[in-house]
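Welcome! Here are a few short exercises to work through with the model in view. Try each task before reading its solution.

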Amino acid sequence: MSVENQSHLNRIALVDSQGKSMTFGALKTSREMFASILFRFQVGGGCRVAILLEKSLASAIAIYTCVDISAAYIPVDVHLPKSRIDDTLADCNPHVVVHNQPGLFPDNESHACRIPGLEETFITVLLAPNYREVESKQAMPNFFTEYVSYVLYTSGSTGIPKGVVVPFDATKAFVMWASKSFDIVETDQIASIAPFHFDLSVLDLFVARYKKATLHLFSPEQVRNPRLMSEELSKRKISTIYATPTFYGALLEFGKIENQDWSYLRSVLFAGEVFPVKQLHGLMSIWNNVKFYNLYGPTETNVCTFTEIHRDNDRTEPYAIGKVCAGHEIEITEQGELLVGGLHVAKNYLNRSELTAEKFFTVGNTRWFRTGDKVEVDGTGHLLYKGRLDRMVKRRGYRIEPGEIESALHKLDGVTGAVVVEHRESHSVLLAAVVTTDGSRNFDIVQLKSELFQVLPDYMLPDSVITVNEFPKTSSGKIDYLKVQQDVVSSLHK
């Protein structure tokens with residue numbers, strides 16, 4: 001994925017949120033200079049590099065450089081509460097952190113990087129305070145026994161985020177598949193909507209680089225502004241977009257996309273959550289000469305099924321998630337759980353051997369993952385998504401373990417018990433916090449969000465809080481989560 005074709009060096013590789021561009025030649029120079037700096041600190045094959053940067057040319061350069069030198073990149077969301085950032089760094093134990101905040105790690109040595117595209121960026125050495133300069137990768141320490149492309153953190157049911165470890169071979173197989181499946185070519189203008197800590201970004205970053213297409217980086221602030229995104233996507237002549245249904249729904253409702261020129265738009269890819277049919281049809285009515293693809297797969301498998309959507313005006317149920325991708329195998333258990341095996345499957349969860357043993361298994365030479373998703377096969381052989389076997393929630397494309405929010409709630413003064421359940425309002429997935437208390441304080445949603453925001457990302461904050469005397473129980477004495485959910489829906493719709 002890193003071999004450069006010299007004839008492409010004058011073409012545009014990256015365009016940032018403000019329109020600043022970088023050619024493939026400049027990108028190559030910046031990567032080589034950054035790699036030489038990392039080598040000085042013994043960072044090479046098997047090392048872990050945490051990237052604590054806003055989405056930018058700098059963070060893209062850092063990611064590409066890590067892959068070049070066979071180091072694992074670990075993108076950390078700079079907008080997370082500090083305690084969660086600290087927990088993530090402690091868990092992944094990186095060799096170095098790439099960031100732009102001098103003094104962020106006062107007890108560790110930091111070194112300024114001043115190369116094209118990486119101005120005012122710092123490397124803080126965490127695992128090698130007594131570093132020495134080395135001349136070759138062979139002298140560098142290995143923290144993984146095989147080359148790993150990246151580690152992405154997702155919500156964990158125990159209250160601690162879990163790191164999904166994805167080997168280089170899995171990333172390469174995915175990039176080869178995606179490049180071919182969506183006919184990406186060098187003239188494509190690809191929109192990078194997802195943040196780099198979200199697995200949708202893997203397709204954006206590496207397919208664009210592999211096919212020498214231009215990648216346009218959009219900031220979180222831009223992505224949250226549908227009117228601005230509508231104008232920018234049209235103005236930049238974007239040909240391929242990969243995003244969540246939440247993004248497209250906002251674009252349809254508030255972006256006034258009917259006023260823009262979409263003659264360059266060729267492919268619309270979506271994943272991460274169910275796309276409401278009414279919204280999807282509305283989008284297809286305006287973008288009527290565009291191919292639409294539904295992609296499915298958890299972070300642990302990247303995309304494992306997909307299908308091109310052909311509009312059916314009589315359809316009211318969500319469209320199928322498709323058939324298995326080349327390089328994957330699937331099985332469906334008696335309980336309807338989808339099992340996925342093949343080239344794209346992750347290696348394990350970092351530092352979570354018990355959870356790894358529970359969710360991953362190997363048959364012959366094939367690595368398998370238990371998705372926890374329930375599926376059915378329709379009459380055409382396509383898979384239909386039918387929900388979860390466990391309590392996991394998908395919201396704004398993120399996987400959320402209610403147990404992690406409940407763990408945070410239990411730490412609040414006055415809370416004696418907590419259950420978090422999802423419910424739907426219009427096209428949105430909402431979260432309700434149901435709590436029992438010791439009576440020492442009143443709870444309102446504004447105060448609750450304010451306290452939880454210190455430890456949880458914004459997409460995990462509840463939308464409402466309900467106080468109860470006790471939780472309903474099953475016959476075995478356990479909390480009856482289904483009854484709690486039913487009670488929430490009834491309470492909120494009185």
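**Exercise 1.** Is Cys304 buried or exposed?

*Solution.* Keep in mind that this is a predicted model. Start with the relative accessibility of Cys304, which is 0%. Buried means under 20%, so Cys304 counts as buried.

**Exercise 2.** How many disulfides does the structure hold?

*Solution.* A disulfide needs two cysteine sulfur atoms within 2.5 Å. Take Cys47: the closest cysteine sulfur to its own is in Cys66, at 9.7 Å, and therefore too far for a bond. Cys47 is also buried, with a relative accessible area of 0%. Next, try Cys304: its nearest cysteine sulfur belongs to Cys325, 6.4 Å away, and Cys304 is in no disulfide. The count for the structure is 0 disulfides.

**Exercise 3.** Which strands stand at the edges of the sheet, each with a single partner strand?

*Solution.* Write down the strand order of this open sheet of 9 strands: E2-E1-E11-E10-E12-E13-E14-E15-E16, with mixed pairing. The edges are E2 (21–23) and E16 (323–324); each has a single partner strand, so one side of each is left without a neighbour in the sheet. Now look at the E16 end: E15 (residues 305–309) pairs with E16 in the antiparallel sense over 2 bridges. Phe306 has Lys323, in E16, as its bridge partner.

**Exercise 4.** Which strands does helix H1 touch?

*Solution.* Find H1 at residues 24–40, packing on the sheet. Its contacts are with E1 (12–15) and E2, and its direction makes about 80 degrees with that of E2. For another helix, turn to H9 (residues 277–286), which lies across E13 (267–270), E14 (291–296) and E15. H9 runs at about 150 degrees to E14.

Terms used
Residues are numbered from 1 along each chain as its sequence is written. This is a predicted model: local features need pLDDT of at least 70, side-chain atom pairs count only at pLDDT 80 or more; totals for chains, interfaces and linings use all residues. Side-chain values use heavy atoms; hydrogens and water are left out. Two strands pair if DSSP finds at least two bridges between them. Helices (H or I, at least four residues) and strands (E, at least two) are DSSP runs, numbered from the N terminus. Contact means heavy atoms within 4.5 Å. Axes are lines fitted to C-alpha atoms, for helices over the stretch in contact, and angles run from 0 to 180 degrees between N-to-C directions. Buried means under 20% relative accessible area, exposed over 50%, partly exposed in between (1.4 Å probe, protein chains only).
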